[in-house]
Amino acid sequence: MDSRIAALVLLASGFAVALAFHFGAHKAAPERQATLPPVWTGAVHVPRDVVREANRLSAQCRVESAPFEGHAPLRSVRRALMEKRPARIVSFGTTSMLTDDISSPIASYPSELERDLEASGLAVEMIARTQAGVVADDAAERLKAEVARLRPDLLVWQVGTNDALARIDAEDFADRLRETLGWLSDHRIDVVLVDPQYVARLSDDEGYTGIVDQVATVANEKRVLRVNRYDAMADLARAHPSWSHLTADRFRLADMGYRCAAEYTADAIVAGIQAAAQAESGRIP
Amino acid sequence: MRAPNAIDFWRGVALVMIFINHVPGMVYSHLTLRNYAISDAAELFVFLAGCSLAFVASGKAGTKPLRQVIVRLLSRAFEIWRAQIVIISVAIAMLAAGAIAFNDPLLLEWHGAGPAFSDTARASIGLVLLTYQIGYFNILPLYVVLLLLALVFVVIARRSLAAALAASFALYAATLTWQLQLPSWPAQGAWFFNPLSWQVLVVLGFAVITLQQSRPSQWQSVVSRLWPVSLVVVAVGAGIVWMDYRPDPMAVPHPRFFFLFDKQFLSPIRILNIAAVAIAFYPLFPMLARSMAPVVRYFSSLGRNSLVVFCVVSLLALAGQIARYVGEPNFLFDTGIVIVGLVVLRVTAWIAELQPLSS
């Protein structure tokens, strides 16, 4: 039995690698469309009733592109903090580790985010959940079930990567994203979206960038904060061309994408809390 | 090599549907059970595993010695555990090969493979303990635990089948009520398939075949009476899927997993639906065996060698996913993946049957 399984899995893996090499040639395709103009972008003054201050971005994460886009009050997070309880945050996406003693930022994105938020004076309870492989309706259902179980104040959702990898149609993806964001809004769950990573190989891949564009479009339409990871990583890739290559078992660009995304997400959350405070005080209609 | 039978045939059908479903986005996925029923091929596969369990626990001459049954179940669980270690290792290697070949970091994180590369020490331990699973490679760990749980239920069933069913449903109800789960590690979260609830499907399959063997005339009578009802249930299920209706998990009463269509916890409606599908399609096999013998032989050969075929299904599906990701998928491309898959699966079953002891 062992020898049969071993022989067959080797056969299958050989088939996979052969297919992968055969179809791996780069294809000419239109470049990704420019992202929508941000409704609101930038560093924020944080209300002192809830948090001390937004962290400054570390030098290596400062890029030309806006770190996050959108103007959306995170009312549930603010409510939690005003009630003197930690805001419950669920980080949903490709990574699901919640531990500090891992060198890889890929693994520790939720931990980095938690640390950055606490450095801003926010008391948070971070829960990490993975979304391994599921796409489309299944992904939406799984997310809803987890949200119903965990009842977070805020969902930080790395969205689109699985669908892009599975070559799901961008319009279909957008429709499901709209529906899920509507459901979250109906149940008063705050949301911060984190768009897919920039990958040099896919920078002119219409299918991949179509998903990235749809995340921006739907986030703008639904007035949801969106961490601009794709554009920020593209800036980093231009500044550091060698980071796009595999070195010592790591893609530096991917590592930095996660590390910086944690900083950008923390800033977006702080901005969202400020927007909630302004909205409640009547400064924003 | 045993002759084609209904269990092997439907298990072969389930394996092909799992192959197609595990390459998400393919146009052929519209043909699989999940598009016409609330349950899907995974439920069918596990239910049929329960049916097979009845044959392991009892032979034609009657109940087998308990010791023989326990040894058989433990050795089968160990065999499946080894298969899981092999295929998840190969899958991780395939993702790594793809990442290197295409200079693409996304492949290192695909399906939750990230910890294998970013936290290798913990992931290696979790892989052996089955607490670290990657997407689409999470059915065999379920099987291992189901076989271990089946030991308990088979022992109870030797005294009373009703008691075994009661114990199984009690565990199922407790799992849904208190949301009991097996934890993932080192990644946070829980198993994609919750064995504590899925065990009920195995015990149901076991009970169905045990009753068929012990009371064949009554069993046939009950199935005949339930057949029209099952057709209605299948039709209603298809209608619900067609309307794309799913209960809002925030709106249903507690304990909510009783009222959802949840796959992880195997909500009751999924059990009802797969039971109805099984009864509704039960008369089909003899008809197919007469009118489409080559097709029946094909699927039965896959079902007879379900473990080795499942391993190849998993790896072929991942190969298909990588090919679709790096290529330009269209109808012809997907057709190629399906044809290659069907051929390789048949060759796999053929190789497996070259040896005297097939799985």
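## A walk through chains A and B

Start by selecting residues 15–53 of chain A: pLDDT stays under 50 over this stretch, for which the model has 74 contacts beyond four places in sequence. This is a predicted model, and where pLDDT is low, the predicted coordinates should not be read in detail. So don't linger here. For chain A overall, the average pLDDT is 78, and 72% of the residues score at least 70.

**The sheet in chain A**

Next, colour the strands of chain A. You'll find an open sheet of six strands with mixed pairing, in the order β1-β6-β5-β4-β2-β3. Its edge strands are β1 (68–69) and β3 (124–130), each of which pairs on one side only. Zoom in on β2, residues 87–93 of chain A: seven bridges tie this strand to β3(A), and the two run parallel. To see one of the pairings, pick Gly93(A), whose bridge partner in β3(A) is Thr130(A).

**The core and helix α9(A)**

Now hide the strands and look for the largest nonpolar core, which has 200 residues. Those with the most contacts inside it come from both chains: select Leu155(A), Val192(A), Leu193(A) and Ile269(A), then Ala14(B), Ala91(B) and Val313(B). The element that gives the most to this core is helix α9 of chain A (residues 252–280), with 16 residues.

Stay with Ile269(A) for a moment. Which residues does Ile269(A) touch, leaving aside those up to four places away in sequence? Show Leu74(A), Val77(A), Leu117(A), Leu154(A) and Val192(A), and you have them.

Val77(A) is a handy pointer to the next stop, as one of the contact residues on helix α2. Select α2 (residues 75–82) of chain A together with α9(A): their axes come within 8 Å and cross at roughly 80°. That falls between 65 and 115 degrees, so α2(A) and α9(A) are roughly perpendicular to each other. On the α2(A) side the contact is made by Arg75(A), Val77(A) and Arg78(A); on the α9(A) side, by Ile269(A), Gly272(A), Ile273(A), Ala276(A) and Ala277(A).

**Two arginines with positive phi**

Jump to Arg167(A), in the loop between α5 (161–165) and α6 (170–186) of chain A. Its phi is near 60°, a positive value in a residue other than glycine. Then move on to Arg188(A), in the loop between α6 and β5 (190–194) of chain A, where phi is near 55°, again positive in a non-glycine residue.

Is each one buried or exposed? Arg167(A) has 24 C-beta neighbours inside 10 Å, so it counts as buried. Arg188(A) has 11 other C-beta atoms within 10 Å, and is therefore exposed.

**Over to chain B**

Switch to chain B and look for cis peptide bonds. One joins Trp185(B) and Pro186(B), with omega about 10°; Pro186(B) sits in the loop between α8 (161–178) and α9 (195–214) of chain B. Another runs from His254(B) to Pro255(B), with omega near -10°. You'll find Pro255(B) in the loop between α10 (216–242) and α11 (268–281) of chain B.

Finish with Arg82(B), in helix α3 (residues 66–102) of chain B. It has 15 C-beta neighbours inside 10 Å, so it counts as partly exposed. Draw a distance from its C-alpha to that of Pro105(B): the two residues are 23 apart in sequence and 29 Å apart in space.

Definitions and conventions: Residues numbered from 1 in each chain as written. Chains lettered and ligands numbered in written order. Predicted model: local features only at pLDDT ≥ 70, side-chain atom pairs only at ≥ 80, totals over all residues. Core = buried A, V, L, I, M, F, W, Y, C linked by C-beta atoms within 7 Å. Buried ≥ 20, exposed ≤ 12 C-beta atoms within 10 Å, placed from the backbone. Helix = DSSP H or I, 4+ residues; strand = E, 2+ residues; numbered from the N terminus. Contact = placed C-beta atoms within 7 Å. Pairing = 2+ DSSP bridges. pLDDT = per-residue confidence, 0-100. Axes fitted to C-alpha atoms, helices over the stretch in contact; angles between N-to-C directions. Parallel < 35°, antiparallel > 145°, perpendicular 65-115°, else oblique.
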